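Could you open the model in your viewer and keep the selection tool at hand? We will go from stop to stop together.

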Amino acid sequence: MFRFPFLLALAIIFMPATARAMNAGLQCVPYARALTGVEIRGDAHTWWGQAKGRYQRGSKPRVGAVMAFKPHGRSRLGHIAAVRKIVDKRTILISHANWSRINGKRGHIEENVKVVDASRNNDWSRVRVWYTPIKALGKTSRPIHGFIYPKAQRSDWAAKQA
């Protein structure tokens, strides 16, 4: 059985040439939506509000959930990622797209990326995220809204990690 990232890669390869020519790269929203099954549209910064009343939301990471980042600094549109694994009460692994600039370009998929709770109250309100260009956690802690929980686990990785 093929895993989702393989199918996503095929879809990207066969996307219209005009989209590839624009070198847009993959964005976080369609990637997180595909991994989690959370059916929300629009920029990442709108997901938390759109999820209200449609999906359960909370402050604790769960495998298969969407981690919703608030806009911060140059990231005016926010960011979202899929929680892949709970390492311990202050560390998780995520998969996301369009975070690190790799070889001078954005739009890359990164899997099993380390994220650490950097909040003072251990409440996951601020996080530090692995940044590939420096091969370390980013120096800036980033604010997050919290986690959006899918109605059902979308893929086999979520079930295996639970």
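Here is a tour in short stops, each with something to select.

**Before you start**

This is a predicted model, in which local features need pLDDT of at least 70 and side-chain atom pairs count only at pLDDT 80 or more, while totals for chains, interfaces and linings use all residues. Residues are numbered from 1 along each chain as its sequence is written, and side-chain values use heavy atoms, with hydrogens and water left out.

**Stop 1: the whole chain**

Show the cartoon. The chain has five helices and eight strands; helices (H or I, at least four residues) and strands (E, at least two) are DSSP runs, numbered from the N terminus. Following the chain from the N terminus, you meet α-α-α-α-β-β-β-β-β-β-β-β-α. Of the 162 residues, 40% count as buried, where buried means under 20% relative accessible area, exposed over 50% and partly exposed in between (1.4 Å probe, protein chains only).

**Stop 2: strand β2**

Select residues 66–69, which form β2. Which residues cover its two faces? Val66 and Ala68 on one side and Met67 and Phe69 on the other are all buried. In a regular strand, side chains alternate between the two faces of the sheet. Now add the neighbours: β2 pairs with β3 in the antiparallel sense over four bridges, and β2 also pairs with β8 in the antiparallel sense over four bridges. Two strands count as paired if DSSP finds at least two bridges between them. Phenylalanine 69 has histidine 79 as its bridge partner in β3 and stands opposite isoleucine 144 in β8.

**Stop 3: phenylalanine 147 and the cores**

Next, pick phenylalanine 147, in strand β8 (residues 142–149). Phenylalanine 147 is buried, with a relative accessible area of 0%. Draw a C-alpha to C-alpha distance to phenylalanine 69: the two are 78 residues apart in sequence and 9.1 Å apart in space.

Both belong to the largest nonpolar core, which has 16 residues; those with the most contacts inside it are Met67, Phe69, Ile92, Val115 and Phe147. A nonpolar core is a set of buried Ala, Val, Leu, Ile, Met, Phe, Trp, Tyr and Cys residues joined through side-chain atoms within 4.5 Å. The strands β2, β3, β4, β5, β6 and β8 each supply at least two residues of this core, and the largest share, three residues, comes from β8. Apart from it lies another core, of 14 residues, including Ala32, Ile40, Ala44 and Trp48.

**Stop 4: helix α3**

Select α3 (28–36). Eight of its nine residues are buried, among them Cys28, Tyr31 and Leu35. Just after α3, glycine 37 takes a positive phi of about 80 degrees.

**Stop 5: the largest pocket**

Turn on a surface and look for the largest pocket, with a volume of about 820 Å³. On a 1 Å grid over the protein atoms alone, a pocket is an open set of points with protein on both sides within 12 Å along at least five of seven lines, and lining residues have an atom within 4 Å of a point. Of the 25 lining residues, the closest to its centre are Arg74, Ser75, Asn98, Trp99 and Arg106. Helix α3 and strand β6 each supply at least two residues of the lining.

**Stop 6: two asparagines**

Finish in the loops. Asparagine 98, between β4 and β5, has a positive phi near 65 degrees and is buried, with a relative accessible area of 18%. Asparagine 122, in the loop between β5 and β6, has a positive phi near 55 degrees and is partly exposed, with a relative accessible area of 44%.

Terms used. On a 1 Å grid over the protein atoms alone, a cavity is a set of points where a 1.4 Å probe fits but cannot get out, and a pocket is an open set with protein on both sides within 12 Å along at least five of seven lines; lining residues have an atom within 4 Å of a point. Grid points are joined across faces, edges and corners, and a volume is the space filled by probe spheres set on the points.
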